[in-house]
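Student: Hi! I have a new model open and would like to talk it through with you. Shall we start?

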Amino acid sequence: MFPLSDEQQLLVRKAERFAEKHARSLAGSGSGLKKAKAVYEAYAKAGYHALLIPKEFKGQGLDYVSTGLVYEALSSRLPGTLNGPVTTAHCAEMMKIGLTGNHLSRHLSSIAAHKLAAGFCLTEEGAGSDIASVTTTAKRSKRGFAISGKKSIVINHALASYLIVFAASPPSKGRAGLNAFIVDPHLPGVTIGDAYGPHESSGSVMGEVVFDNVTVPEESLLGEEGSGYLLLMETLDKGRPIVAACCAGSARRVFDMVLGHAKNRSQFGKPLFSFQGISFPLAEYATRLQASRLLAFDALSRIDAGLTFSLEASMAKLYASETLLGLASFAMEALGYRAAFESHEIRRIHHDAQLMMSIDGTANVQKMVIASQL
Ligand SMILES: Cc1cc2nc3c(=O)[nH]c(=O)nc-3n(C[C@H](O)[C@H](O)[C@H](O)COP(=O)(O)OP(=O)(O)OC[C@H]3O[C@@H](n4cnc5c(N)ncnc54)[C@H](O)[C@@H]3O)c2cc1C
């Protein structure tokens, strides 16, 4: 790949050291809110939730390429544990776009310095891929806006100090009526649902959030009224190559695991790797892994350079997430009976790979974005 600067090499080495130190506690067994809290706190203590927050607001002040390198390095050693910090980074990016002056510095500094978590509240029962059909409403009131509705799945929901909530005002306007609000989860009318079961998530916590006539001040609105859809598109586009870099990191972990096994285990008097049924898929996945990284870092470098990046971001997310899932499925096969044990790492990675397919838009949604720009 492209040569890394001294600073980037240092960041990657630091991430590798962090991962080694925390390997047992973060990637080991366990799940649920307690585990997710411990994982989040460890990452936030090291500033990994605030990589993209500028230094003037007490963040790490990294660009997108460096952020991708760090998340890739962490994922290659602690796969599937980064959804919490990455979601906070995602929300902070929305704040960078939608806030100015005091509001911007207050919220970003608070997230970075106090190691806080944020949750992104978009998906509803009737609004998944079709985000313009959000039915959560934000009605103008004397004191600002009153928000009502239910969000189905929110990462960090039970840890967050900030929620970014997408609501329609008025609902009939579709995309043009979509707005984003910063909501304090402790406000009256906000109900944080139970965490989804251990099989639904690993390393992060997620669940429903209900808003019942929650009053937020005018200043909670991110950007101009009616700009929620554009804000959402820009941040989803920026998030996709980050997710791709995480997928590439996890895929590296799986690849090394299968390659090691294939070279060390013998059947029929020869290492598994000597059979083309095993070595050819590995040759193909080595190539796909490299392509995933190149696509992710191409999109990330375009963001840093101020070029258009929506097409490249969706290509990267599509390719890297499909590569991770395909490789994890192959690994389940190549590891034989070992992969049948619940405790084997590959089972957790395979499960996370399936979840990564939906985060920041499904494969078909990425294809819709790509096709619309051909
Ligand atoms: C682990 C995890 C964490 C998540 N975290 C969050 C979060 O923090 N905040 C949040 O708001 N959301 C979150 N989501 C939700 C995620 O964004 C949605 O799952 C995603 O947008 C898809 O919506 P859906 O699941 O309702 O699927 P649907 O939209 O119902 O889609 C189901 C299937 O139909 C396909 N499909 C739909 N429409 C079309 C079409 N027009 N053409 C072709 N195919 C189509 C999809 O590709 C998919 O395969 C999370 C999801 C997961 C799995």
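Student: What distance separates the centres of domain 2 and domain 3?

Tutor: Happy to help, and keep in mind that this is a predicted model. Taken over C-alpha atoms, the centres of domain 2 and domain 3 are 30 Å apart.

Student: And how is the protein chain divided into domains?

Tutor: Domain 1 covers 6-113, domain 2 covers 118-224 and domain 3 covers 229-371. Where domain 2 and domain 3 touch, nine residues come from domain 2 and eight residues from domain 3. The side of domain 2 that touches domain 3 has five nonpolar residues, three polar and one charged.

Student: Let's move to the ligand. Which residues come nearest to the ligand?

Tutor: There are 18 residues around the ligand, and the nearest are Leu122, Gly128, Ser129, Thr362 and Asn364.

Student: Which domains does the shell around the ligand draw on?

Tutor: Domain 2 and domain 3 each give at least three residues to the shell. In terms of secondary structure, strand 1 (118-121), strand 3 (144-155) and helix 10 (363-371) each supply at least two. Strand 3 has the largest share, with three residues.

Student: I may want to set up some docking. How do the residues of the shell divide into nonpolar, polar and charged?

Tutor: Ten of the shell residues are nonpolar and eight are polar, with no charged residues.

Student: Changing topic: at what angle do the axes of helix 3 and helix 6 cross?

Tutor: Roughly 30°, for helix 3 (residues 64-77) and helix 6 (residues 228-264), and the axes come within 7 Å. The crossing of helix 3 past helix 6 is right-handed.

Student: Which residues meet there?

Tutor: On the helix 3 side, the residues include Thr67, Gly68, Tyr71 and Arg77, and on the helix 6 side they include Pro241, Ile242, Ala245 and Arg253. By class, this contact of helix 3 with helix 6 has eight nonpolar, six polar and four charged residues.

Student: What about helix 3 and helix 7, at what angle do their axes cross?

Tutor: There the angle is roughly 145°, and the axes of helix 3 and helix 7 (residues 276-305) come within 7 Å. Tyr64, Val65 and Gly68 in helix 3 meet Ala296, Phe297, Leu300, Ser301, Ile303 and Asp304 in helix 7. That contact of helix 3 with helix 7 divides into six nonpolar residues, two polar and one charged.

Student: Now some backbone checking. What is the phi of Asn156?

Tutor: Asn156 has a positive phi of about 70°, although Asn156 is not a glycine. You can find Asn156 in the loop between strand 3 and strand 4 (162-168).

Student: Why does Asn156 count as buried?

Tutor: Asn156 counts as buried because it has 29 C-beta neighbours inside 10 Å, and the cut-off is 20 or more.

Student: And what is the phi of Asp360 near?

Tutor: Near 60°, again a positive value in a residue other than glycine. Asp360 sits in the loop between helix 9 (345-356) and helix 10.

Student: Is Asp360 buried or exposed?

Tutor: Asp360 is buried, because 24 other C-beta atoms lie within 10 Å.

Student: One last residue: where is Val209 found?

Tutor: Val209 is in strand 7 (residues 206-216). Val209 is buried too, with 25 C-beta neighbours inside 10 Å. Beyond four places in sequence, the contacts of Val209 include Cys121, Lys151, Val154 and His157.

Student: How far is Val209 from Asp360?

Tutor: Their C-alpha atoms are separated by 18 Å, with the two residues 151 residues apart along the chain.

Technical notes: Residues numbered from 1 in each chain as written. Predicted model: local features only at pLDDT ≥ 70, side-chain atom pairs only at ≥ 80, totals over all residues. Near = placed C-beta within 6 Å. Helix = DSSP H or I, 4+ residues; strand = E, 2+ residues; numbered from the N terminus. Nonpolar A, V, L, I, M, F, W, Y, C, P; charged D, E, K, R; others polar. Domains from an automatic or database assignment. Axes fitted to C-alpha atoms, helices over the stretch in contact; angles between N-to-C directions. Left-handed = near helix turned anticlockwise from the far one by under 90°. Contact = placed C-beta atoms within 7 Å. Buried ≥ 20, exposed ≤ 12 C-beta atoms within 10 Å, placed from the backbone.
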